[in-house]
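Trainee: Please take one part of this model and go through it closely. I would like the setting as well, in one connected answer.

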Amino acid sequence: MNFYERVYEAVQRIPKGRVASYGQIALLCGNPKASRAVGYALHRNPMPGIIPCHRVVNCEGRLAPAFAFGGPDRQRELLEAEGVAVDGGGYVDMGRYAWYGE
């Protein structure tokens, strides 16, 4: 299994109503320094409706400014539809919504 496949598998495990950071996904995939590669893999997500890339945010909880599947407003809509609160600045409370791969 290549790195992108591991990223897609890990992201599919993030439950509805939770988020993970790019770094957390990189760590779960065995390469903790590959957070940028995680972002690139998600930008090329081959199955956006199945691989929930909208559940991945930066380490501070900020939405992706260049969310590939409709921009940050769309990412916000998808997260809020799952019960994740996004503040006016485009941030998710990581203390409340972060998923660590349980």
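Mentor: What follows starts with the whole chain and then turns to single residues.

This is a predicted model, in which local features need pLDDT of at least 70, side-chain atom pairs count only at pLDDT 80 or more, and totals for chains, interfaces and linings use all residues. Residues are numbered from 1 along each chain as its sequence is written, and side-chain values use heavy atoms, with hydrogens and water left out.

First, the frame. The protein chain has five helices and two strands. Here helices (H or I, at least four residues) and strands (E, at least two) are DSSP runs, numbered from the N terminus. Read from the N terminus, the order is α-β-α-α-β-α-α. The C-alpha atoms fill a box of roughly 35 × 25 × 20 Å along the principal axes. The radius of gyration is 12 Å, which agrees with the value near 13 Å for a compact globule of 102 residues. That radius is taken over C-alpha atoms, and the globule rule is 2.2 Å times the number of residues to the power 0.38.

Next, the surface and the contacts. Of the 102 residues, 42% are buried. Buried means under 20% relative accessible area, exposed means over 50%, and partly exposed lies in between (1.4 Å probe, protein chains only). The chain exposes about 5,600 Å², and carbon and sulfur atoms supply 52% of that area. Accessible areas come from the Shrake-Rupley method with a 1.4 Å probe; for residues, only the protein chains shown count as cover. Contact means heavy atoms within 4.5 Å. Among contacts between residues at least 6 apart in sequence, 62% join residues at least 24 apart.

Now helix α4, the part for the close look. Gln75 is found in this helix. Its relative accessibility is 0%, so Gln75 counts as buried. Neighbours within four places in sequence aside, Gln75 is in contact with Cys53, His54, Val56, Val57, Leu63, Ala64 and Phe67. Val86 lies 11 residues from Gln75 along the chain, with 9.8 Å between their C-alpha atoms. Asp73 also has its place in helix α4. Asp73 is exposed, because its relative accessible area is 55%. The C-alpha atoms of Asp73 and Val56 are 14 Å apart, at 17 residues apart in sequence.

Past the helix comes a loop. Asp87 sits in the loop between α4 (71–81) and α5 (94–97). With 40% relative accessibility, Asp87 counts as partly exposed. Asp87 and Ile25 are 62 residues apart in sequence and 23 Å apart, C-alpha to C-alpha.

Strand β1 (residues 20–21) brings back some of these names. Ser21 lies in this strand. Ser21 has 6% relative accessibility and so counts as buried. Outside its neighbours within four places in sequence, Ser21 is in contact with Val56, Val57, Asn58, Cys59 and Met94. Val56 and Val57 are thus among the contacts of Ser21 and among those of Gln75.

Last, the cysteines. A disulfide is a pair of cysteine sulfur atoms within 2.5 Å. By this rule there are zero disulfides. The closest cysteine sulfur to that of Cys29 is in Cys53, at 14 Å, too far for a bond. Cys59 is in no disulfide either; the nearest cysteine sulfur, that of Cys29, is 17 Å away. Cys29 counts as buried at 7% relative accessibility, whereas Cys59 is exposed, with a relative accessible area of 65%.
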